Amino acid sequence: MNSNTDQKNKLQTTKILENNEISPGVYVLKFKKIKEFKAGQYVGLTTDLSVTPRLYTIASGINQDEVHILYNLKDDGWLTPRLSEIKPGTELFVTDPEGDFIDDQSPAWWIASGTGIAPFSSMFRSGLKKDKLLIHGGRFAHSFYFEKEFLPELGDNYIRCCSQESGEGLYSGRLTRYLQETSELPKDCRFFLCGSPEMVIEVRDLLILRGVEYNKIVAEIYF
Ligand SMILES: Cc1cc2nc3c(=O)[nH]c(=O)nc-3n(C[C@H](O)[C@H](O)[C@H](O)COP(=O)(O)OP(=O)(O)OC[C@H]3O[C@@H](n4cnc5c(N)ncnc54)[C@H](O)[C@@H]3O)c2cc1C
């Protein structure tokens, strides 16, 4: 059996329900849920069976009928320029959900850059809210995807760190600076990091330097 046939056997077909640009270059793709998943897991997606699926963390909650994917357009990438043009009704190939970036009810800090907010959105929409501090880093005031959902429920436990603009309710500066300025980091708490390799590595190093135990840090890197 060749690799295309292997891949074909692992992929299931679903139909796009919606695909909306929610912020410049950032989209939410919706399709019907075909497999149960745990909040924090990802799926592989492709529009062409001969092309390796790219991985995307599910942003919707476990009890929703639709799967939501938050993605940003990479102009020079293969899949995202195609995804950004995709119309409702089009077929999409999806792998089974996988991954162990999974939280529980215990206290945690959720730290995300850009579309790295997706797993935390899924956790939040699946009912995890208590004892969570969500820190999201983005460049612009429009980079805080799903803020309308987070703000009313998380209140002061939702920090938006904006590096290139200032705005009401926004912390001016990168999330790493916010963490450096935080006088004390909690001891009995896990730190979940998700987003670009640069952010995850920088925050991991910063936390370890500040005395956080290595086994309290859980990371998901979008590479
Ligand atoms: C676990 C996981 C979860 C993820 N979740 C999300 C998510 O929720 N949302 C999201 O937006 N992204 C997510 N990603 C990233 C996502 O999988 C894709 O990498 C991203 O969307 C780009 O896909 P693409 O096909 O458009 O670009 P690709 O074709 O994969 O290219 C990506 C970049 O690499 C460069 N590149 C490609 N080939 C080469 C080469 N041969 N040499 C040098 N450079 C090259 C391209 O120019 C481009 O800038 C996740 C990644 C992982 C690992």
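Two exercises follow, each with a worked solution, on a predicted model.

**Exercise 1. The shell around the ligand**

Find how many residues surround the ligand, and work out which elements and domains supply them.

*Solution.* Begin with the count: the ligand is surrounded by 19 residues, and the closest are Y71, G77, W78, L79 and T80. Next, sort the shell by class, which gives 10 nonpolar, five polar and four charged residues. Then assign the shell to secondary structure, where β4 (54-57), β5 (66-72) and α2 (79-85) are each found to supply at least two residues, with β4 giving the most, namely four. Finally, turn to the domains: at least three residues of the shell come from domain 1 (3-94), and at least three from domain 2 (108-221).

**Exercise 2. The two sides of helix α6**

Determine which residues of α6 are buried and which are exposed, and explain why the buried ones lie on the same side of the helix.

*Solution.* First check the geometry of α6, which runs over residues 197-209: its 13 residues reach 18 Å from the first C-alpha to the last, close to the 18 Å expected at 1.5 Å a residue. Then pick out the buried residues, which are M199, V200, V203 and L207. They lie on the same side of α6 because they cover an arc of only 95° around the axis. An α-helix has 3.6 residues a turn, so residues three or four places apart point the same way. On the other side of α6, P197, E198, D205 and L209 are exposed. To complete the picture, list the packing partners of the buried residues, which are β7 (108-113), β8 (132-138), α5 (175-181), β11 (190-195) and β12 (217-221). Just after the helix, G211 adopts a positive phi of about 100°.

Technical notes
Residues are numbered from 1 along each chain as its sequence is written. This is a predicted model: local features need pLDDT of at least 70, side-chain atom pairs count only at pLDDT 80 or more; totals for chains, interfaces and linings use all residues. A residue is near a molecule or strand if its C-beta atom, placed from the backbone, lies within 6 Å of it. Ala, Val, Leu, Ile, Met, Phe, Trp, Tyr, Cys and Pro count as nonpolar, Asp, Glu, Lys and Arg as charged, and the others, Gly among them, as polar. Domain bounds come from an automatic or database domain assignment. The expected span of a helix is 1.5 Å times one less than its number of residues. A residue is buried if 20 or more other C-beta atoms lie within 10 Å of its own, exposed if 12 or fewer, and partly exposed in between; C-beta atoms are placed from the backbone. The arc is that of the directions from the helix axis to the C-beta atoms. Two residues are in contact if their C-beta atoms, placed from the backbone, lie within 7 Å.
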